[in-house]
Each structure stands twice: as structure tokens, then as C-alpha cells.
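Me: Please take a close look at how the strands and helices of this model are put together. I would like one connected account, with the cut-offs given where terms come up.

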Amino acid sequence: MIDILDAVLSDDGTGADLAALPVPESYRGAVLLAEETTMFEGVATADKDPAKSLHVMDVPTPEPGPGEALIAVMAGAINYNTVWSAIFEPLPTFSFLKRYGRTSASAARHDLPYHVVGSDLSGVVLRTGDGVTAWKPGDRVVAHCLSVELESARGHDDTMLDPEQRIWGFETNFGGLAELALVKSNQLMPKPAHLTWEESAASGLVNSTAYRQLVSRNGARMKQGDTVLIWGAAGGLGSYATQLALNGGAVPVCVVSDEHKAELARSTGAELVIDRSAEDYRFWKNAEEPDPREWARFGRRIRELTGGEDPDIVFEHPGRETFGASIFVAARGGTIVTCASTSGYQHVFDNRYLWMSLKRIIGTHFANYREAWEANRLICRGMIHPTLSTSYRLDDVGAATHSVHRNQHTGKVGILCLAPSEGLGVTDPEMRARHLPAINRFRSAPDER
């Protein structure tokens, strides 16, 4: 592994150099163990600690099969699916791996008593399997997390509709929080030349997800002038949604949880910001009963900021805590576009505000390859910027995941895998210099470690 890292970091290193090096028989990765899936039984979700379930340990190196690539991972990132994986909610990921393993002999490799997690990476192609022609050893890449078989006709209009669509590193094994990772070649995209390894790894999942939610024909089809309510606008997903809204000529209304996050949202160019903690919105009277009066108070506040307009689009992802309010405040004929449910999956809302006002709910889930490629192209062109706030070492992946679970973070939290330090991997310093303030915007966030 040291020889591989030296070849990647060498100024005169080539793909041929990497291809000539032997592949290690094992590598270090962030691993969950099937034997520990009951360790949090009886513990409240908020009290489950990912640092107890995530282990950094050596695992055997998989051989890339047809259409696959083995990647030397320089950096990864924490996503909320890593939190779900590590607290074994809503169910242990080993059920996903077992189901996948039954589909083919190749997929059976993923059904193991351990799960290497992680759905983002930046790195270098180390090996490719048969049939891979678009990528070769030495290519600098990032990966999106859609793993798809494409043997069904249903996936050929939109690959997210393929019945064998899975999220790599969550519903498959050999994920990106490791020194090596196994991906399908059609997960790969060019690494942004002006960004470091850790910055490049921050955007794949969340930027692609936000792009499909807001911009794509499969999402809300955002247009210029739309008012877009964005929950968690300084978090991993919302920080990209805010940029996409501004970049696309929309008017974001950014909802955040404290004043520091409010200032971060304003620093991106957003002018309309609601600090829900300062204004003390409580959308539930108790654990079972929502409070429509608070929905109405929230709606009045939005109209104060927008000059009387309701949101054309509500960018939803918190779920249970906010969904009733999202339905209520959306404009007549407006769209609530939702992915994930970080505060709970059981949503409660008053359907009168949906059907009588002709509103629409659109469910989205990650992105197809074209959408992910277009989202990455915006990063490569410096039109959207990574919102990385801090990076941890691979050995500290449990603490990093814990911070995301507790919402102690802003933007994205990165993980240095093979990269020995931050700041490496830039091959276009001139472009970087032009965008440096935007690249570093979230770096001003307090270090929560």
C-alpha cells in the first residue's frame, strides 16, 4: 500500500507505474460486523453511538470483475446513510447484502460477515476488470453511489427505476471509507482538477441528490424565479441545494438551526434565512400530535421574507419533524420534493392542504449516472463548490460519524483514507486560486471534534 501511495503522490507517476505494482492482499476499511447488529437493542436512536459499531480493520481485497474497477481511495466522506448503517437503522445493512448476494455469483462476494461502508470517494484507478474501456489505471476519479445492473428494461429510461438499483457502500459492500474500494466503472467521474482529494470526495452523493431533487426532469424542474424553501441549508445536502438554487436563478429561503449556520447560508449569497431555533418553531405539540398553528406561523414568516409569496418548491429531507409544515407552506400548485427522513420515516400531514391546493409530492432517491455526471460537471467548472467543513483520519471515522448523527457538523465531513494529509491532489492551482474563498467558505465552521 505504501508503494501505491508513493506512486499516486509522485509528480512523475503514471498509470503504467500503478498497473505494474502488486495489489495488496488486504486493506484497511471502516467495517460493521454482522455479529454486532443487536448491540444497540433497547437504546434510543439519539443515544446510539456509531463510534462503538464502526471498526477500522483489515479485510481481504476483492478482485474487480467484468465492468468493475478497484480504486485506491485517497479520501471519502460521511453521509447520513453511514449513520443509518452504523446504528443499524431502520434495519441492519447485512439484510441488503444477503439479498444482493442471492442475485448472482458475482454479487455473492458482497454477502460477508462484515460490511465496508461509505458512499463517496476520490482516488485513483488501480485495476479494471474485463470490458472496461473508459477508465484505466492512473485516472484520477470521484465516484457516485449508484450501483445498477441494467438487465431490466425498466432501468433504461431512468436507471434509478431499475429493480436492481442499489446504493454502493450502503446496499453493497466494499464502500469508500477505506484504503481501497470496488465500484462499477459506470460509477466513475473525473476528479475536479482544482480541488484537493478531501474536497473532491465531499460532493458526490449530496450534490447529485440535490441536483435530481431540484433541477432534473425527475425532480422539481426548478426554473428561474422559483421560491425554494430549503431545510437544513447549511448541512450536507442543503448546502448544495442552496448553491443550485442560486446558480439556477431561483430564490432560496434557507432554514437553519443556529446563527452560525445562518451566516454560512448568507455567505453563499442567500438573502432569506430563517433560524428555526431562534424563532422557536415547534411543529409538534407532543410526540403524537402535530401543531398546525406552528405551521401557520412558519408560513407567515416565509411570506414576510418573500414579499407575500409561498414556496414554489419545498426541498424536503428531515422527514417526520418538518413534513407537515412543508405540505402546509408550499404554494398552491407547488411541489414538495423529498428524499430521506433523517428525523423519522413516519410522516404526518393534513391532506386537505395537499389535495385542495393541488400540490404535488415527488419522491427522489440519489440520481442516475447522467444527473450525477452533470452535477459533477458543475463542480469541475467551479459553478458549485464543495462545502467541506472538516476532515478526520480514517482511524477516527467513528467520531466523524457520531458528529453527523448528533448534527454537530456543518456542510460535509471528510475522511482522509490513503491521503497522508489535507491539501493534496490539486492539479489546476490557477483555477483553485480564482475560487478559493468559495472553496473554503465552510472551513470557517468551528471544529466540533
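Reply: What follows goes through the domains, the sheets, a helix pair and some backbone details.

The model is predicted, so local features need pLDDT of at least 70 and side-chain atom pairs count only at pLDDT 80 or more, while totals for chains, interfaces and linings use all residues. Residues are numbered from 1 along each chain as its sequence is written, and side-chain values use heavy atoms, with hydrogens and water left out.

The protein divides into domain 1, made of 1–207 + 367–440, and domain 2, made of 220–363; the bounds come from an automatic or database domain assignment. Between the C-alpha centres of domain 1 and domain 2 there are 29 Å. Across the boundary, 19 residues of domain 1 touch 17 residues of domain 2, with contact taken as heavy atoms within 4.5 Å. Together the two domains bury about 1400 Å², and carbon and sulfur atoms account for 60% of it. Buried area here is the accessible area (1.4 Å probe) lost by two parts on being put together, summed over both.

Helices (H or I, at least four residues) and strands (E, at least two) are DSSP runs numbered from the N terminus, and two strands pair if DSSP finds at least two bridges between them.

One open sheet has 3 strands in the order 2-1-4, paired antiparallel. Its edges are strand 2 (55–60) and strand 4 (114–116), each with a single partner strand, so each has one side without a neighbour in the sheet. On average, neighbouring strands of this sheet are turned by 60° against each other, direction ignored. Strand 1 (residues 26–33) and strand 4 are antiparallel and joined by 3 bridges; Leu33 has Tyr114 as its bridge partner in strand 4. Helix 5 (residues 94–101) packs on this sheet, where it touches strand 1 and strand 4, and its direction makes about 95° with that of strand 4. Axes are lines fitted to C-alpha atoms, for helices over the stretch in contact, and angles run from 0 to 180 degrees between N-to-C directions.

Further antiparallel pairing links strand 5 (residues 121–128) to strand 6 (residues 140–143) through 4 bridges, with Arg140 of strand 6 as the bridge partner of Val124. Strand 6 is also joined to strand 10 (residues 188–190) by 3 bridges, again antiparallel, and there Val141 faces Pro190.

A second open sheet has 6 strands in the order 13-12-11-14-15-16, and its pairing is parallel. Strand 13 (272–275) and strand 16 (360–363) form the edges, each pairing on one side only. From one strand to the next, the twist averages 20°. Within this sheet, strand 14 (residues 313–316) and strand 15 (residues 335–338) share 4 bridges in the parallel sense, and Val314 stands opposite Ile336 of strand 15. Helix 7 (residues 204–214) lies across strand 11 (227–230), strand 14 and strand 15, at about 150° to strand 14. Helix 8 (residues 236–247) crosses strand 11, strand 12 (251–256) and strand 14, and runs at about 170° to strand 11.

Among the helices, helix 4 (residues 80–87) and helix 14 (residues 397–405) have axes that come within 9 Å and cross at roughly 105°. The two are therefore roughly perpendicular to each other, a class that spans 65 to 115 degrees; under 35 is roughly parallel, over 145 roughly antiparallel and the rest oblique. Helix 4 makes the contact with Tyr80, Thr82, Val83, Ala86 and Ile87, and helix 14 with Thr401, Val404 and His405. Of these contact residues, 5 are nonpolar, 3 are polar and none is charged. Ala, Val, Leu, Ile, Met, Phe, Trp, Tyr, Cys and Pro count as nonpolar, Asp, Glu, Lys and Arg as charged, and the others, Gly among them, as polar.

Two loops hold backbone details. Most residues other than glycine have a negative phi, and most peptide bonds are trans. The bond from Glu89 to Pro90 is cis, with omega near -5°, and Pro90 sits in the loop between helix 4 and helix 5. Ala340 is not a glycine, yet has a positive phi of about 65°; its place is the loop between strand 15 and helix 12 (352–355).
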